[in-house]
Amino acid sequence: MSDKKKYLKILARQYPTADSVISEIVNLQAIINLPKGTEHFLSDIHGEWEQFSHVLKNGSGSIRTKIEEVFGNRESAQVKKSLATLIYYPKEKLEKVKLEEEDMADWYTVTLHRLVEILRRVSSKYTRSKVRKAIPASYAYIIEELITEKEELNDKQAYYNNIIQNIIRLGAADSYIETFCNLIQYLVIDHLHIIGDIFDRGPEPHKILDKLIDYHSVDIQWGNHDAVWMGAASGNLACIANVVRLCARYNNLDVLEEGYGINLTPLVTFCMKYYGHMDRQAVHKAITMMQFKVEHELIKNNPCFKMENRLILDKINWENRTVIIDGKQWQLNSTEMPTVNKNCPWQLNEDEIQVLARLKYSFVHCEKLQKHVKFLYKNGSLYKVFNGNLLYHGCMPVDEKGRFLEADIYGKKCSGKALYDELETWARKGYFSKEGSDEKEKGGNILWYLWEGPLSPLFGKQKMAVFENMFIDDKKASLETKNHYYDEVDDLEVVERIMMEFGVDAKKAHIINGHVPQEVKKGDSPIKCGGKLLIIDGGFAAAYHEKTGIAGYTLVCNSYGLRLVVHEKFTSAQDVIEKDSDIVSDTIQVEKFSARQYVADTDTGQEIKEQIKELEELLKEYQS
């Protein structure tokens, strides 16, 4: 029996009759003729939970667009703004309305009718089956009736109005309003892309991960800040030291202690012993020195990384307070390093060994962190091709002529897509391999290399100048030279070569990445190469707002085209609720499709077409 025949026999178990096959073919043919779902792209969130949450709730303006489509000039601007706020924050807005409205029954009636209209609009591009699955079971029958019946049919108006009035009469209006609003949020975005860097700088990455885990459809392209946390969760000491250092630097140690329950007591005790006090600065300096030491050993043991220029501690001249970096002498602003043995500066002392061991235990045994990192592995990757677009966080390492640079990954020479694939293979081994194995150690080191390695596609710079920023006042020493990729992003030949390397159609595709904040106030534009490449890092993190002049970019791709959303600084959810203020955003149309796109034009559509082809073969077997 041929493989094809065997497959059709297996398929026949699911569709045991010709009628069941015909029904499924008709269903699938209908699905591929529905409009393409809306994709939402976010990058470089950096722990900014409240702004992230709001952008997710409003779909980067998608909900306001739907409200405008439904009501246009039928309703005032204020009514539409208030309705948008209700959809974003239904529970909180309801509390405010109850304090202000004199006739709640009338308000409920009008509001429920409006929400039903919007819900009809946002659900119209989905099958009834998909919408039904999104509705909580106890509400399914009534909501389905409301959104599928046609209000304009006179013989159904009384029936339709009676449902609304009974919801109000029975005291269920609040719960239905909340359910409607949550459904609108759910259905307005079909799929979410996170283009890296969920962690660091901002105060609540753990809340962002909790939300993403519960999100209905999401993929993640790892950023270097994600990779270093993944490495820390795997037990790599260099990654652990970097994670703690960054939390101390950005005054976010609460992320470790309260967000993840990481025990910092041994580190605090260490600071008291060696620095005579315990504050953020002491923690920062103490863990940074440990970082330099464990990185020294890691670099020594991995010559293929070619990072010997980052072996700095043994280049210090303690007498004249200078250091040699990349062949140049720099003046140090301090040589107060009480944990450093000047005769063997890269050697950890016994107390440091104990502190790092305790930190490793906390990271490896943190249930919440492990849950989050497993989610990043399950739903994430270094790159993704989705609906013909190429998504990655950082860059493709290239030389000054735009040629792919070759890296040595444990004896295997790789460049281009092969470099991405090899690094991801090792990144997965670093977490999932057996504890104590050679693969576990090497994979953990790769996760650290992804964080700051010179040919890491997530980092894209020659060095990470941690030592220089801390001990050298001359800013020239801290210069972090970017990979030539960022010089070539407007070169069509280079951009198309990258696209072809990943097998996407260079005529239709876009490259979408983040990582490098675009400084709008200096004239930077996220739209590169005539719209073929988009860098959507506009400084989501508060630490970047002054530098970029805005508070982030997001990208929305619906069935009509691709639009870039430019966000101003988000004040607070409370401001939105109190003032119906939303987040100030401008929209730039990057591309308008020549014809509306349908499910048939997507990756899912291609899969469905294959299913239809197989089902038609099965139908022939039944009919013969």
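Here are three short exercises on a predicted model.

**Exercise 1. Describe how helix H4 packs on helix H5.**

Step 1: Find the helices. H4 covers residues 62-71 and H5 covers residues 77-88.

Step 2: Take the geometry. The two pack at an angle of about 135°, and their axes are 10 Å apart. That makes H4 oblique to H5.

Step 3: Give the handedness. The crossing of H4 past H5 is right-handed.

Step 4: List the contact. From H4 come Ile 63, Arg 64, Ile 67, Glu 68 and Phe 71. They meet Lys 80, Leu 83, Ala 84, Ile 87 and Tyr 88 in H5.

Step 5: Sort by class. The contact of H4 with H5 holds 7 nonpolar, 3 charged and no polar residues.

**Exercise 2. Do the same for helix H13 and helix H14.**

Step 1: H13 spans residues 224-234, and H14 spans residues 237-249.

Step 2: Their packing angle is about 125°, with the axes 7 Å apart. H13 and H14 are therefore oblique to each other.

Step 3: H13 passes H14 in a left-handed crossing.

Step 4: H13 brings His 225, Val 228, Trp 229, Gly 231 and Ala 232 to the contact. Residues of H14 in the contact include Cys 239, Ile 240 and Leu 246.

Step 5: The contact of H13 with H14 counts 8 nonpolar, 3 polar and no charged residues.

**Exercise 3. In what order do the 5 strands of the open sheet lie?**

Step 1: Read across. The order is E8-E9-E12-E14-E13, with mixed pairing.

Step 2: Find the edges. E8 (383-386) and E13 (527-528) each pair on one side only.

Step 3: Look at one pair. E8 and E9 (residues 389-392) run antiparallel, joined by 4 bridges. Lys 384 stands opposite Leu 391 in E9.

Technical notes
Residues are numbered from 1 along each chain as its sequence is written. This is a predicted model: local features need pLDDT of at least 70, side-chain atom pairs count only at pLDDT 80 or more; totals for chains, interfaces and linings use all residues. Side-chain values use heavy atoms; hydrogens and water are left out. Axes are lines fitted to C-alpha atoms, for helices over the stretch in contact, and angles run from 0 to 180 degrees between N-to-C directions. Angles under 35 degrees count as roughly parallel, over 145 as roughly antiparallel, 65 to 115 as roughly perpendicular and the rest as oblique. A crossing is left-handed if the near helix is turned anticlockwise from the far one by less than a right angle, and right-handed if clockwise. Contact means heavy atoms within 4.5 Å. Ala, Val, Leu, Ile, Met, Phe, Trp, Tyr, Cys and Pro count as nonpolar, Asp, Glu, Lys and Arg as charged, and the others, Gly among them, as polar. Two strands pair if DSSP finds at least two bridges between them.
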